[in-house]
There are 2 protein chains.
Amino acid sequence: MPRVSDEHLAARRRQILDAARRCFLRNGFHATSMQDVISEAGLSVGAVYRYFGSKHELVTSIAESVLDGADELFATLAAAEPPLPLVEALDRALQFVESQTGPDGVFPLAIQVWAESLRDPALAEFITRLYGRFRSRFVELARRAQQAGELPADADAEAVGAVLFGLIPGFALQRVLAAGPDPKTYLDGIRALLAGHGVAE
Amino acid sequence: MPRVSDEHLAARRRQILDAARRCFLRNGFHATSMQDVISEAGLSVGAVYRYFGSKHELVTSIAESVLDGADELFATLAAAEPPLPLVEALDRALQFVESQTGPDGVFPLAIQVWAESLRDPALAEFITRLYGRFRSRFVELARRAQQAGELPADADAEAVGAVLFGLIPGFALQRVLAAGPDPKTYLDGIRALLAGHGVAE
DNA sequence: CAGTGTAAAACGAACGTTCGTTCCTTGACT
DNA sequence: AGTCAAGGAACGAACGTTCGTTTTACACTG
């Protein structure tokens with residue numbers, strides 16, 4: 001089928017990426033062979049190698065698409081007008097993450113990306129930059145909560161933002177690895193902490 | 001050396017496990033070949049296979065030893081007499097984790113164990129049980145903080161414990177993947193949250 | 001104490017498989 | 001007729017593991 005449309009090419013790419021995502025979710029990056037991806041996509045070796053030059057390129061593409069989605073939500077939460085109360089912003093973030101922790105969600109893939117980034121400097125740099133951006137969203141959230149009087153005026157927004165961001169993977173990990181509590185319960189815990197009796201300082 | 005002492009056998013095992021740990025830290029479980037481990041240990045193929053029946057057994061042994069250490073600390077923190085103030089307990093937990101986030105620490109290995117557990121039901125069950133125990137330590141911490149008046153009397157200790165525990169991997173992940181703040185800054189953020197202005201109920 | 005038998009520890013060549021990738025061929029569409 | 005997406009046989013390398021051989025330390029004899 002020569003001279004096919006651009007949409008056809010894009011669709012083929014997506015077809016391969018979707019197949020790869022399913023395989024990677026099922027077996028992990030390393031235990032998935034190119035043949036697995038190729039069979040899952042219902043294509044031939046040659047066809048797949050026309051669209052992706054190597055397995056590594058497939059892994060990288062998946063990694064980027066997996067993580068890009070979350071930033072959009074976090075950006076929305078941080079920029080909401082009027083500013084969202086802390087608890088509500090966290091509620092929304094937790095619900096999003098919760099929706100991605102199942103076997104079909106992307107969070108298990110994210111864990112694999114973390115592991116992969118420990119050995120792949122290029123991927124590590126991508127991750128560092130993206131997660132830095134994630135954190136900056138939560139710093140912004142903290143700053144605005146501070147202005148709204150939800151946090152002490154002298155608090156370090158950078159520090160609070162880091163903690164708020166840390167709550168998210170902390171929740172997701174427990175959900176996936178340790179049969180953790182549901183988002184509602186987790187949020188109750190956060191609320192209780194926020195309502196703390198001023199023991200610090 | 002036939003008929004060697006039990007200490008010799010144990011030392012050989014440790015020799016192999018240490019070599020494997022170094023290799024796994026350097027290249028990850030999957031990208032490390034048995035030959036890598038064997039060369040690193042300075043032994044022969046046959047010698048290593050005398051002590052460990054398969055590569056998988058090596059991975060499992062490493063995983064267990066990596067995670068067992070942390071529980072000891074968490075148990076100590078939860079059982080301290082008199083009860084530790086929340087902030088101080090978290091401080092100690094963060095400092096411990098911090099000491100394990102470097103290239104020589106075990107935290108990078110823990111990330112790989114997480115990824116591995118997604119495909120290995122036996123490992124997953126081990127992880128679930130262990131992390132459940134981790135969380136229960138923090139629940140105990142929360143309960144005692146509650147009795148000391150550091151948390152609202154009507155708070156759900158289970159929920160708060162889960163959040164407190166979640167702070168730990170949340171910190172470590174940022175430290176390893178996203179050039180996150182140091183433990184002191186992170187703790188400042190936690191303090192600011194605890195001092196929150198009672199916005200939640 | 002010397003000599004010898006033996007069981008166990010260590011060795012490493014070799015095996016069958018599977019890997020990611022290459023590259024030539026095929027055939028549908030312009 | 002020409003172009004190019006798609007196909008798939010074939011390749012060399014590397015994998016985890018097996019297994020027959022060699023080496024070693026100790027027990028037992030005289």
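Modeller: A polar contact is a pair of N or O atoms within 3.5 Å; within protein, one must be able to donate a hydrogen and the other to accept it, and residues adjacent in sequence count only if both atoms are side-chain atoms. This is a predicted model, where local features need pLDDT of at least 70, side-chain atom pairs count only at pLDDT 80 or more, and totals for chains, interfaces and linings use all residues. Side-chain values use heavy atoms, with hydrogens and water left out.

Colleague: How many residue pairs are in polar contact across the interface of chain A and chain B?

Modeller: The rule finds 10 such pairs, both residues at pLDDT 80 or more.

Colleague: How many salt bridges are counted between chain A and chain B?

Modeller: A salt bridge needs a side-chain nitrogen of Lys or Arg within 4 Å of a carboxyl oxygen of Asp or Glu. The count between the two chains is 0.

Colleague: What makes K55(A) a polar contact of DNA strand C?

Modeller: An N or O atom in the side chain of K55(A) is 2.7 Å from a phosphate oxygen of the strand, and the cut-off is 3.5 Å, so the pair qualifies.

Colleague: Which atoms of Y51(B) and DNA strand C lie 2.9 Å apart?

Modeller: A polar side-chain atom of Y51(B) and a phosphate oxygen of the strand. For G46(B), a polar backbone atom is 3.2 Å from a base oxygen.

Colleague: How many residues surround DNA strand C?

Modeller: The strand is surrounded by 20 residues, each being near because one of its heavy atoms lies within 4 Å of the strand. Among the closest are M34(A) and R12(B).

Terms used: Residues numbered from 1 in each chain as written. Chains lettered and ligands numbered in written order.
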